[in-house]
Amino acid sequence: MAISIAAYTFYKIIMAVIHMVKVRKMESPILITIRNIGVADALVSMLTLQMTILVSFQGTDSLDMNRINGITGLAVCLLISALGISMIYYAFKRRSCCN
């Protein structure tokens, strides 16, 4: 199970990076939004992979495992929030530019 989740996670990360490079020079809000959704999906997949690996290779009652999952979950939430805030900023900037 952990190997299939790892393969899926690495696929999502690679595809997110490829789409990030392709969309970087384009100014389409829809493509930027889809790119950011792909990045968020890759981050959540990475968190899922970490949780699966920790459960597979350690005991479930470890306090360190909960702490690691909490810190990583917080980092993923902050990064996804930063993506959302940057999209809102980009929308306001684009809206004020055109009016």
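**A tour of a three-helix chain**

Start at isoleucine 34, which sits in helix H2. This is a predicted model. Show the side chain of isoleucine 34 with the surface on. Is isoleucine 34 buried or exposed? Its relative accessibility is 51%, and the cut-off for exposed is over 50%, so isoleucine 34 counts as exposed. Now add valine 23. It lies 11 residues from isoleucine 34 along the chain, and the two C-alpha atoms are 9.6 Å apart.

**Zoom out to the whole chain**

Switch to cartoon. How many helices and strands does the protein chain have? Three helices and zero strands. From start to end of the sequence, the pattern reads α-α-α. The radius of gyration is 17 Å, well over the 13 Å that the globule rule gives for 99 residues, so the protein chain is more spread out than a compact globule. Turn the C-alpha trace onto its principal axes: the spans are about 60 × 25 × 15 Å.

**Select the core**

Pick Ala16, Val39, Ala42, Leu43, Leu47, Val76 and Leu83. These seven residues form the largest nonpolar core. Helix H2 (29–57) and helix H3 (63–98) each supply at least two residues of this core. Which helix gives the most? H2 does, with four residues. As background, nonpolar side chains tend to be buried together in soluble globular proteins.

Stay on leucine 43, one of the core residues. Leaving aside residues up to four places away in sequence, leucine 43 touches Val76, Leu79 and Ile80.

**Move to asparagine 69**

Select asparagine 69, in helix H3. Is this residue buried or exposed? Its relative accessible area is 14%, under the 20% cut-off, so asparagine 69 is buried. Which residues does asparagine 69 touch, not counting those up to four places away in sequence? They are Leu47, Gln50, Met51 and Leu54. Leu47 is also on the list for the largest nonpolar core.

**Colour by burial, contacts and charge**

Colour the chain by accessibility. Of its 99 residues, 25% count as buried. The protein chain exposes about 7,300 Å², and carbon and sulfur atoms supply 73% of that area.

Next, draw the contacts between residues at least 6 apart in sequence. Of these, 64% join residues at least 24 apart.

Last, show the charged side chains. The protein chain has 9 positive and 4 negative charges. How far apart are their mean positions? The separation is 19 Å.

Methods:
Residues numbered from 1 in each chain as written. Predicted model: local features only at pLDDT ≥ 70, side-chain atom pairs only at ≥ 80, totals over all residues. Heavy atoms only, no water. Core = buried A, V, L, I, M, F, W, Y, C linked by side-chain atoms within 4.5 Å. Buried < 20%, exposed > 50% of the residue type's maximum accessible area, 1.4 Å probe, protein only. Contact = heavy atoms within 4.5 Å. Rg over C-alpha atoms; globule rule 2.2 N^0.38 Å. Areas by Shrake-Rupley, 256 points an atom, 1.4 Å probe, with all protein chains shown as cover. Lys, Arg positive; Asp, Glu negative; His and termini not counted. Charge placed at Lys NZ, Arg CZ, Asp CG, Glu CD.
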